[in-house]
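Please look through the sequence and the coordinates below before reading on. The paragraphs that follow move from the interior to a pocket, and then to individual residues.

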Amino acid sequence: IPVFEKKLTLIQKKKRSWNIDDKNFWSKYFVDTEILRKFGVEPISHYWINGSRFTCKSITYAYKFGDKFKIYAPYEKENKWTSNTNKNIIQGYQQLPNKGDFCIITSSLKDVMCLFKMGIPAVALQSEMQMPEEKMIKEIKNRFKKVALFYDNDFDNPNNPGQTMANKICKKYNIFNNIKIPENYKIKDLSDYIAHFKSTKGLETLIRIQT
């Protein structure tokens with residue numbers, strides 16, 4: 001039987017200086033450069049995948065997780081994301097306090113940073129479709145008095161994958177708080193909510209009501 005060795009994907013990047021385009025993008029979510037640096041996010045001009053060089057066509061960022069990266073190009077329709085991360089990397093985990101009253105499991109690092117701005121510790125898996133490991137849930141429950149889910153509300157999709165997965169996680173791990181943006185808002189995730197209403201106050205109220 002032939003043995004196939006899984007090829008490792010090496011991602012390298014070239015950092016550039018922050019500019020006004022970066023500020024215009026991230027300020028929509030009330031995320032500043034101090035928060036971005038805390039969570040290992042930096043702007044880049046180029047990146048390499050296994051030695052092949054790619055030039056960033058528009059504002060692009062490297063999310064650093066140890067020796068691995070996620071490349072995020074928010075304005076690109078193709079190759080918006082490039083990554084060599086794996087399911088064991090939990091976004092925002094390194095920035096969690098040791099203990100606290102409340103922690104949210106959410107959809108993305110962007111949402112994690114938005115919640116951090118609001119004073120709420122949060123983490124995100126590599127995909128909304130990923131079932132968290134039991135040991136992760138146990139650890140977070142041991143460290144925080146209350147744990148909640150806040151996944152996308154894909155109101156325009158009959159299958160609503162974000163809420164379908166959130167309900168599965170809540171049922172499996174006995175998590176009673178599943179926060180979601182009501183469908184009548186026509187907004188899927190919390191970072192878009194902030195960008196749309198140009199405020200976090202309504203979101204803070206929503207979280208408080210649903211927990």
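Which residues of α3 are buried? In this predicted model, they are Leu-109, Lys-110, Asp-111, Val-112, Met-113, Cys-114 and Leu-115, so that α3 is mostly covered, with seven of its nine residues buried. Just after this helix, Gly-119 takes a positive phi of about 85 degrees.

The covering of α3 is best read together with the packing of nonpolar side chains. In soluble globular proteins, nonpolar side chains tend to be buried together. Here the largest nonpolar core has 36 residues, and those with the most contacts inside it are Trp-26, Ile-104, Met-113, Leu-203 and Ile-207. Helix α3, which spans residues 109-117, contributes the largest share of this core, namely five residues. If neighbours within four places in sequence are left aside, Met-113 is in contact with Trp-26, Val-31, Ile-35, Leu-36, Phe-39 and Val-41. A second core, separate from the largest one, has 18 residues and includes Leu-96, Ile-137, Tyr-151 and Met-165.

Leu-96, a member of that second core, also appears among the contacts of Arg-143, a residue of helix α4 (residues 134-143). Why does Arg-143, a charged residue, count as buried? Its relative accessibility is 16%, and because the limit for buried is under 20%, Arg-143 falls on the buried side. The side chain of Arg-143 reaches the backbone oxygen of Pro-97 at 2.7 Å, and, apart from neighbours within four places in sequence, Arg-143 is in contact with Tyr-93, Leu-96, Pro-97, Asn-98, Lys-99 and Gly-100.

Open space is the next topic. Rolling a probe the size of a water molecule over the atoms shows where empty space is left. The largest pocket holds about 530 Å³ of space, and of the 27 residues that line this pocket, Lys-80, Trp-81, Ser-108, Asp-152 and Asp-189 are the closest to its centre. At least two lining residues each come from β5 (68-72), α3, α5 (161-173) and α6 (190-197), and α3 gives the most, with three residues. The helix that supplies the largest share of the largest core therefore also gives the most to the lining of the largest pocket. By type, the lining divides into ten nonpolar, seven polar and ten charged residues.

Asn-84, found in the loop between β6 (81-83) and β7 (100-106), counts as buried because its relative accessibility is 11%. The side chain of Asn-84 reaches the backbone oxygen of Thr-9 at 3.0 Å, while the backbone nitrogen of Phe-69 lies 2.8 Å from a polar atom of that side chain. Leaving aside neighbours within four places in sequence, Asn-84 is in contact with Thr-9, Leu-10, Ile-11, Lys-68 and Phe-69. Asn-84 and Asn-184, which are 100 residues apart in sequence, are 37 Å apart in space, C-alpha to C-alpha.

Backbone angles complete the picture. Most residues other than glycine have a negative phi, and most peptide bonds are trans. Asn-50, in the loop between β2 (41-49) and β3 (52-55), has a positive phi of about 50 degrees although it is not a glycine, and Asn-50 counts as partly exposed because its relative accessibility is 35%. Lys-198, in the loop between α6 and α7 (201-210), likewise has a positive phi, near 55 degrees, but Lys-198 counts as exposed because its relative accessibility is 64%.

Note on methods. Residues are numbered from 1 along each chain as its sequence is written. This is a predicted model: local features need pLDDT of at least 70, side-chain atom pairs count only at pLDDT 80 or more; totals for chains, interfaces and linings use all residues. Side-chain values use heavy atoms; hydrogens and water are left out. A nonpolar core is a set of buried Ala, Val, Leu, Ile, Met, Phe, Trp, Tyr and Cys residues joined through side-chain atoms within 4.5 Å. Buried means under 20% relative accessible area, exposed over 50%, partly exposed in between (1.4 Å probe, protein chains only). Helices (H or I, at least four residues) and strands (E, at least two) are DSSP runs, numbered from the N terminus. Contact means heavy atoms within 4.5 Å. On a 1 Å grid over the protein atoms alone, a cavity is a set of points where a 1.4 Å probe fits but cannot get out, and a pocket is an open set with protein on both sides within 12 Å along at least five of seven lines; lining residues have an atom within 4 Å of a point. Grid points are joined across faces, edges and corners, and a volume is the space filled by probe spheres set on the points. Ala, Val, Leu, Ile, Met, Phe, Trp, Tyr, Cys and Pro count as nonpolar, Asp, Glu, Lys and Arg as charged, and the others, Gly among them, as polar. A polar contact is a pair of N or O atoms within 3.5 Å; within protein, one must be able to donate a hydrogen and the other to accept it, and residues adjacent in sequence count only if both atoms are side-chain atoms.
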